[in-house]
Amino acid sequence: MSQGVPGTPPNLSLQNALQTASATRQSFGYCPAQGEVPLRSALVEEMKEIYGRDADLAAEDIALTVGCNMAFVASIMSIADAGDEVILPRPCRETHAPPKTGAIYPPSLIASFASLAAENNIALILDETYRDFLIPRTPPHLLFTSPTWRSNLIHLYSFSKSYRIPGHRLGCIVASPTLITQIIKILDTLQICPPRIPQIALAQSGLLQELRADIHGTAEQVAKRHQLFREHLSKRWEIASQGGYYAFVRHPFTGVGSAEVCERLAKEMGVVVLPGAFFGGADSNDDRWVRFSVANVDDEKVKRVCERLVESEQGFGWELS
């Protein structure tokens, strides 16, 4: 339960589209550095479905990338010089967008961040890879309905989780066309162009619309697995947040760091999870956070993991809080 990996292959319609796309002549060549226009246009319609029909979006606002990591790197390189400060919420990963802890920011908090950033002329970068996993389905925020969003908002997204194609490495940046023009210069140096096969496949007429029900079905399955995890987890393990693929949990062992706990869980219990200390910024007085991923395990494995956590409470011989 350590890695945010989809637990099932992509929808059969997408598998077939990928197979067809891989045999097309155009899939072997370069594409525009900004990405294929048909997919960028189709993505605009999907984003309006998610953020509201009033969302002010156009294909020119979008650049496709080799995964969301590339989207983040290119965005940072385009707006920050050496020595500039980048503010990250804790816990954080310095080489990437903030880690996925399952915390869900309500629209009001996101709006507050956006206002604060705008008042101080600071770019606000939102990694919204897990936007499709909100249950019930509601807009993650309403920032795209503002006529001024392009002044400082940079939105990042990955196709890996919702469409379950992490190996095809496709992500995107949504920002003002002026900034996108500068970002493309960086992308042209780092990636040359985004992968063509998934672009061609996903741009197939009507496919993104067809896949909406599949994505929502997956989100509901993940939500049910979160509920199962909550129901079977020992009360000594305190859940701080759950959402997307992840749960951030406080372990019960007094005076023991998260890395040591996770090492023993892996070696002695066969449970592989990530220590909160790996994300940096951990409070040395409370390094007791552990991240679990529920996406790539079935229900029975979730139950067995919870049983082994109970065993660890006595088996490790540590003082319990």
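This passage walks through the salt bridges, a small sheet, the cysteines and an internal cavity of a predicted model.

Salt bridges make a good place to start. In general, side chains of opposite charge can pair when their charged atoms come close. The model holds 15 salt bridges in total. In one of them, the side chains of Arg212 and Glu49 meet with a nitrogen-to-oxygen distance of 3.5 Å. This contact links distant parts of the chain, since Arg212 belongs to helix H9 (residues 212–232) and Glu49 to helix H2 (residues 37–51), with the two positions 163 residues apart in sequence. Glu49 is partly exposed, at 40% relative accessibility. The contact also belongs to a wider arrangement: through shared partners, salt bridges join Glu45, Glu46, Glu49, Arg53 and Arg212 into one network.

Helix H9 takes part in another such link. Asp299 and Arg225 form a salt bridge between their side chains, at 3.3 Å from N to O. Because Asp299 sits in helix H11 (residues 299–315) and Arg225 in helix H9, this pair ties together parts of the chain that are 74 residues apart. The two partners can be described by their accessibility as well: Asp299 is partly exposed, with a relative accessible area of 39%, whereas Arg225 is buried, at 15%.

A salt bridge within a single helix offers a contrast. The closest N and O atoms of Glu263 and Lys267 are 2.7 Å apart. Both residues lie in helix H10 (residues 258–269), where a spacing of four residues corresponds to about one turn of the helix. Glu263 is partly exposed, at 41% relative accessibility, and Lys267 is exposed, at 64%.

Turning to the strands, an open sheet of four is arranged in the order E5-E6-E8-E7, and its pairing is antiparallel. Strand E5 (238–243) and strand E7 (274–275) form the edges, each pairing on one side only. Between them in the order, strand E6 (residues 246–250) and strand E8 (residues 289–293) run antiparallel and are joined by five bridges. Readers following this pairing in the structure will find Val249 opposite Val290 in E8. As a general point, strands of a sheet pair through backbone hydrogen bonds, either parallel or antiparallel.

The cysteines come next. A disulfide is a covalent bond between the sulfur atoms of two cysteines. The model contains zero disulfides. For Cys172, the nearest cysteine sulfur is that of Cys68, 7.8 Å away. For Cys193, the nearest is that of Cys31, at 4.1 Å. Both distances can be set against the cut-off, which requires the two sulfur atoms to be within 2.5 Å. Cys172 counts as buried, with a relative accessibility of 1%. Cys193 is also buried, at 13%, a value that falls in this class because buried means under 20% relative accessible area.

Finally, the interior of the model can be considered. One cavity of 30 Å³ or more is found, and the largest cavity has a volume of about 30 Å³. Its lining is made up of Pro10, Asn11, Leu14, Ser162, Tyr163, Arg164, Leu211, Asp214 and Ile215. By character, these lining residues divide into five nonpolar, two polar and two charged.

Notes
Residues numbered from 1 in each chain as written. Predicted model: local features only at pLDDT ≥ 70, side-chain atom pairs only at ≥ 80, totals over all residues. Heavy atoms only, no water. 1 Å grid on protein atoms, 1.4 Å probe; cavity = no way out; pocket = protein on both sides within 12 Å on 5 of 7 lines; lining within 4 Å. Points joined across faces, edges and corners; volume = space filled by probe spheres on them. Nonpolar A, V, L, I, M, F, W, Y, C, P; charged D, E, K, R; others polar. Buried < 20%, exposed > 50% of the residue type's maximum accessible area, 1.4 Å probe, protein only. Pairing = 2+ DSSP bridges. Salt bridge = Lys/Arg side-chain N within 4 Å of Asp/Glu carboxyl O.
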